[in-house]
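Trainee: Could you take me closely through one part of this model, the open sheet and what surrounds it, and set out in order how its strands are arranged?

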Number of protein chains: 2
Amino acid sequence: MNDFTYYNPTKIEFGKDKENKIGEYIKDSGVQSVLLVYGTGSIKQSGLYEKVIASLNKNGIKFQELAGVVSNPLLSKVNEGIELVDEYKLDAVLGVGGGSVVDSAKAIAAGAKYNGDVWDFYVGKVQISEALPVFTVMTLSAAASEMNGNSVVTNDETRQKYSVGSVLLNPVVSVINPELMATVSQEYLAYSAVDVIAHSIEVYFTATDHPKFNSRIVESIIKSIMETTEALIKDPNDYDARGEFAWVAIQALNGLTPSGTGGGNFPNHMIEHSLSALYNVAHGAGLAVVIPAWMKWYKEQNLPQFTRFAKEIFDVDNADEGIKRLESWFSKIGAPVTLNEAGIPNDAIEELSENASGLAKVWGMGESYSKEVIKEILQKAQ
Amino acid sequence: MNDFTYYNPTKIEFGKDKENKIGEYIKDSGVQSVLLVYGTGSIKQSGLYEKVIASLNKNGIKFQELAGVVSNPLLSKVNEGIELVDEYKLDAVLGVGGGSVVDSAKAIAAGAKYNGDVWDFYVGKVQISEALPVFTVMTLSAAASEMNGNSVVTNDETRQKYSVGSVLLNPVVSVINPELMATVSQEYLAYSAVDVIAHSIEVYFTATDHPKFNSRIVESIIKSIMETTEALIKDPNDYDARGEFAWVAIQALNGLTPSGTGGGNFPNHMIEHSLSALYNVAHGAGLAVVIPAWMKWYKEQNLPQFTRFAKEIFDVDNADEGIKRLESWFSKIGAPVTLNEAGIPNDAIEELSENASGLAKVWGMGESYSKEVIKEILQKAQ
């Protein structure tokens with residue numbers, strides 16, 4: 001059992017119609033104006049936009065808008081947001097959407113309080129010491145960004161997809177209404193499931209210590225995500241499955257699972273970030289490609305935990321079979337498991353490895369993950 | 001999946017020697033003076049008292065002391081504390097001890113900001129709307145009071161053991177160093193284990209809805225508590241087991257397990273409170289008596305969940321056998337499972353049922369738990 005600090009001050013407002021109270025939650029936090037950040041328009045089609053605006057108006061919250069956040073969100077859009085906050089002297093940032101929108105909202109919240117280039121935080125040049133309060137209304141569950149301080153942004157100029165983490169970026173209040181997620185496509189549901197599994201297994205396999213409770217929590221997360229994903233493929237309107245999926249996704253990356261393990265690291269995310277930065281594949285799709293390859297490469301370094309995983313998740317007795325079953329399950333739900341299936345040519349491996357090894361250094365994993373090692377892993381994804 | 005709000009802003013500082021930083025944590029929160037609350041002297045014998053004082057002095061935190069909190073903590077002691085806070089105009093309350101000390105610290109924190117009798121909160125006459133910040137250094141893990149807003153206090157005059165809950169009472173920072181818990185007697189370790197299991201199963205069995213993830217978390221808690229208790233009986237200095245026990249105990253009552261279930265209720269705690277209020281038995285000992293009796297009485301009301309419990313925890317196929325195994329396990333670790341084993345005569349059932357039915361009403365369970373029903377349950381504990 002390793003030392004740790006656990007601190008997660010985000011309030012989760014979970015349930016039907018809670019988006020109609022977002023203005024009230026914001027007002028109760030002493031905030032008078034927000035930058036409303038959203039994506040490419042689905043919240044207008046669904047009617048969510050109107051509801052949020054109505055709630056803001058009802059509670060006297062002034063707002064400006066920043067639309068057009070894309071998946072694998074871009075630094076250029078973040079900088080637009082920071083300018084709006086400055087210009088209108090806004091108090092807070094409200095993200096309405098999925099992980100990309102919330103990650104952008106957090107970046108804006110940090111950048112608005114910093115007298116320099118917000119990208120400095122992402123390359124580790126400076127630490128975040130102040131940020132505007134962030135609020136969210138979620139339309140997709142995967143990133144757990146709604147209950148953590150992480151933000152992942154892609155620098156459009158350098159094609160680096162980098163991240164930052166600070167409890168100052170934890171949303172003050174996040175609204176999770178599973179009904180708002182019912183229109184997510186099966187494709188994105190699958191990618192979301194893979195993302196949650198990725199969040200769970202990174203530390204599960206790479207930590208220096210494995211308290212059994214932590215392993216059990218991770219296994220509970222994976223079992224529930226697999227079950228609820230299958231239920232939602234059958235019936236996208238299964239509210240209970242949608243709700244359980246949403247809550248479980250949060251638990252995978254809100255600080256609970258690594259507490260006491262020593263922390264581990266995030267090699268699958270590190271490598272995947274290159275796939276989405278260079279080929280703009282969806283994050284979950286990229287992870288589905290990287291994870292089985294990484295597992296095959298890494299398993300000898302922690303065979304007992306891989307054997308445990310095989311037994312607990314798939315009730316099979318050896319590590320290789322566990323990896324094979326997970327890969328098959330990714331395929332079954334419609335996620336790509338090779339580079340080609342994700343639309344990436346095999347000869348991109350050189351370039352991907354180069355890009356990823358840059359991030360490996362920023363994340364302090366440069367010694368274990370050289371360009372050569374990353375190449376070796378990606379070759380298993382051909 | 002039911003609607004819920006999850007909000008737990010307590011920061012946990014977990015690990016070796018962290019008690020030496022308590023003054024720093026308090027100072028970082030902007031607090032300049034505290035009431036130091038502790039029990040009957042064990043922190044002086046262990047040297048913890050000196051460490052805490054040194055850390056407070058080092059960080060310029062002024063303090064006054066309130067010693068002598070007993071288990072099943074008393075309202076009279078709470079009132080002493082409130083007077084001290086008033087007299088010395090203290091900013092915050094620091095509890096150093098187990099659940100009773102922390103529960104008393106919370107009561108003082110609420111009472112110091114209230115212009116009336118603090119007992120009003122416990123009988124539900126008024127809601128807590130303000131409280132001083134609370135800090136803790138834990139020497140016993142069981143109540144999870146270190147990461148929730150609950151406080152249980154016994155009114156020495158009326159012999160009512162009642163409780164209150166408010167997020168305003170969540171500790172700001174709680175220090176958990178498993179080493180500080182190594183001297184807990186085997187007897188109290190057993191009672192603590194029973195208490196954690198009780199926190200887990202109340203909602204697990206009584207909720208209106210059972211998302212599988214919640215059931216899995218509860219089962220993970222119970223399995224880890226049973227394993228680590230057995231490890232600690234063999235070797236009280238097993239740091240990893242002590243640490244896992246401490247962290248798991250917190251998860252059982254920090255808001256995680258009931259989220260989405262609809263909430264359930266706490267009949268075992270309700271009945272037990274009478275045992276400890278009238279016969280001053282340790283809370284965990286009282287629960288070990290009540291739980292098997294209640295399970296036998298209640299099981300038909302939720303047979304699928306009792307069957308699941310039997311399978312998941314003890315790998316047996318029927319509900320009755322699951323209850324029997326749990327009762328045997330309580331006995332095995334040294335907890336009483338009948339009234340007589342807890343030093344309570346069978347003819348106390350009348351008086352206990354009368355007392356408990358009063359609390360049932362305060363907790364909104366009066367309709368399901370009349371005096372007659374409670375008698376019927378306690379008769380199974382003879």
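Mentor: In this predicted model, an open sheet of seven strands runs in the order S1(A)-S2(B)-S9(B)-S6(B)-S5(B)-S3(B)-S4(B), and its pairing is mixed. Its edge strands, each of which pairs on one side only, are S1 (4–6) of chain A and S4 (62–66) of chain B. Averaged over neighbouring strands and with direction ignored, the turn of one strand against the next is 15°.

At the S4(B) edge, strand S3 of chain B, residues 33–37, runs parallel to S4(B) and is joined to it by five bridges; within this pairing, B:Leu35 has B:Gln64 of S4(B) as its bridge partner. Helix H5 of chain B, residues 99–111, packs on the sheet, where it touches S3, S5 (92–97) and S6 (134–138) of chain B, and the direction of H5 makes about 170° with that of S5(B).

Turning to the meeting of the two chains, 31 residues of chain A are in contact with 31 residues of chain B. On the side of chain A that touches chain B, at least two residues come from each of S1, S2 (11–14), H8 (212–234) and H9 (239–251) of chain A, and H8(A) gives the most, with eight residues. Sorted by class, that side of chain A has 14 nonpolar, seven polar and 10 charged residues.

A further pairing between the chains involves S2(A) and strand S1 of chain B, residues 4–6, which are antiparallel and share three bridges; here A:Glu13 has B:Thr5 of S1(B) as its bridge partner.

Note on methods. Residues numbered from 1 in each chain as written. Chains lettered and ligands numbered in written order. Predicted model: local features only at pLDDT ≥ 70, side-chain atom pairs only at ≥ 80, totals over all residues. Pairing = 2+ DSSP bridges. Helix = DSSP H or I, 4+ residues; strand = E, 2+ residues; numbered from the N terminus. Axes fitted to C-alpha atoms, helices over the stretch in contact; angles between N-to-C directions. Contact = placed C-beta atoms within 7 Å. Nonpolar A, V, L, I, M, F, W, Y, C, P; charged D, E, K, R; others polar.
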